[in-house]
Amino acid sequence: MIGRRGFLKLFGSSIAGLMALGGYAFGYEPVMRLRIARYQLTPPGWTPGLKLRIVALADFHACRPWMTADRIASICSRANDLGGDIIVLLGDYTSGTDFVTGLVDHKVWATELAALKAPLGVHAIIGNHDWWHDAAAQKSGRGPTFSHKALADVGIPVYSNRSSRLEKDGHGFWLAGVEDQLALRSSVRWKRQFAKGLDDLEGTLAQVNDEAPIILLAHEPDIFPTVPSRVSLTLSGHTHGGQIRVLGWSPYLPSRYGDRYVYGHIIEEDRHIIVSGGLGCSVAPVRVGVPPEIVVIDLG
């Protein structure tokens, strides 16, 4: 049996442990840490001799105090130092939580992202929160959202069901980006019974007119089962790697497939997807076991 003194000691230790864990989860991992996640692969259909480094940034969720303009600037500076041939932005630039001391205006975070530089440029798609927090877009059922406009205003092209052919060292490849799969929320206010995506994968890939390999940008990884083998690599964010991950378990996963596409490099039927753990927070400003990350992918 445990005595009164032993009980108080155990209780005090437990409270201290919980406080330390809470401080780490709220104050350290989401705000202070920044991991570089590296992948190296030669996906199916990749052109021999084409060496390409992709730097991918996902899910900033700009807000104060968790993802301030200064933190975005610091992340962009680190991304520029990673030697990417191309930088891709995988959506969700706006805040994803109500636990904030203030919002970061879209013109402010876009100005910080404009500092990103790569020889083959910076290219972006839009995420569900960029749509959800734009009342005008939700009402009309179409874009552009303020995130589309903010990125375009600083010279970053946004791929909304669009494919573009790029070239490195004489070798061509296609960059394709689909519009968000959860863009329009179900809403009594907007007389929308069910959520509606605005993605058009078939129409996007129909723009590809040669045999060069395709890299697909899609904010939510749930699209992956419908992605054809013609696509060499799919890049996604959205899940935050679970955001809280303890012994392989997460309390909440924003995917109808659960753990199937929660994080990392996944191969199904010789098709490849890499899902970023992202940078910011959604719902609750907490991360445990899934630190913010920049993804670096070396292809070839």
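Start with the whole chain in view: of its 300 residues, 52% are buried. What you have open is a predicted model. Switch to a cartoon and you can trace seven helices and 15 strands. Now show contacts between residues with a separation of 6 or more: 72% of them join residues 24 or more positions apart. Turn on the surface next. The chain exposes about 13800 Å², with carbon and sulfur atoms supplying 56% of that area.

**Stop 1: the cavity**

Hide the surface again and go inside. Rolling a probe the size of a water molecule over the atoms shows where empty space is left. In the whole structure, such a search finds one cavity of 30 Å³ or more, and the space in the largest cavity comes to about 30 Å³.

To see its walls, select Ala56, Leu90, Leu235, Ser236, Ile274, Val275, Ser276, Val295 and Ile297. Colour that lining by residue type and you will see seven nonpolar residues, two polar ones and no charged ones. Which strands each supply at least two residues of the lining? Colour β11 (231-236), β13 (271-275) and β15 (293-299) to find them.

**Stop 2: Ile297**

Stay with one residue of that lining, Ile297. Ile297 sits in strand β15. Is Ile297 buried or exposed? Its relative accessible area is 0%, so Ile297 is buried.

Show what surrounds this side chain. Beyond the neighbours within four places in sequence, Ile297 is in contact with Tyr39, Leu41, Leu52, Arg53, Ile54, Leu233, Leu235 and Ile274. Two of these contacts, Leu235 and Ile274, also line the largest cavity. Then put a distance label between the C-alpha atoms of Ile297 and Val55: they are 6.5 Å apart in space, while the two residues are 242 apart in sequence.

**Stop 3: the aromatic cluster**

Now look for rings. The chain has three aromatic pairs. Select Phe224 and Tyr261 for one of them: the ring centres are 5.7 Å apart and the planes meet at 85°, so this pair is edge-to-face. What does the pair tie together? Phe224 is in the loop between β10 (214-217) and β11, and Tyr261 is in the loop between β11 and β12 (264-268), so the pair links parts that are 37 residues apart in sequence.

Both rings belong to buried residues: Phe224 has a relative accessible area of 1%, and Tyr261 is at 0%. Add Tyr257 to the selection. The rings of Tyr257 and Tyr261 have centres 5.4 Å apart and planes at 70°, so this pair is edge-to-face too. Tyr257 counts as partly exposed, at 26% relative accessibility. Together, Phe224, Tyr257 and Tyr261 form one aromatic cluster.

**Stop 4: helix α6**

For the last stop, select helix α6, residues 146-153. Which of its residues are buried? Show the side chains of Ser147, His148, Ala150 and Leu151 to see them. An α-helix has 3.6 residues a turn, so residues three or four places apart point the same way.

Keep those side chains on and bring in the elements around them: the buried residues of α6 pack against β4 (86-89), α3 (106-113), β7 (122-124) and α4 (128-132). Finally, move past the end of the helix to Gly155, which follows α6 and has a positive phi, near 85°.

Key:
Residues numbered from 1 in each chain as written. Predicted model: local features only at pLDDT ≥ 70, side-chain atom pairs only at ≥ 80, totals over all residues. Heavy atoms only, no water. Helix = DSSP H or I, 4+ residues; strand = E, 2+ residues; numbered from the N terminus. Buried < 20%, exposed > 50% of the residue type's maximum accessible area, 1.4 Å probe, protein only. Contact = heavy atoms within 4.5 Å. Areas by Shrake-Rupley, 256 points an atom, 1.4 Å probe, with all protein chains shown as cover. 1 Å grid on protein atoms, 1.4 Å probe; cavity = no way out; pocket = protein on both sides within 12 Å on 5 of 7 lines; lining within 4 Å. Points joined across faces, edges and corners; volume = space filled by probe spheres on them. Nonpolar A, V, L, I, M, F, W, Y, C, P; charged D, E, K, R; others polar. Phe/Tyr/Trp six-rings, centres within 6.5 Å; stacked < 30°, edge-to-face > 60°.
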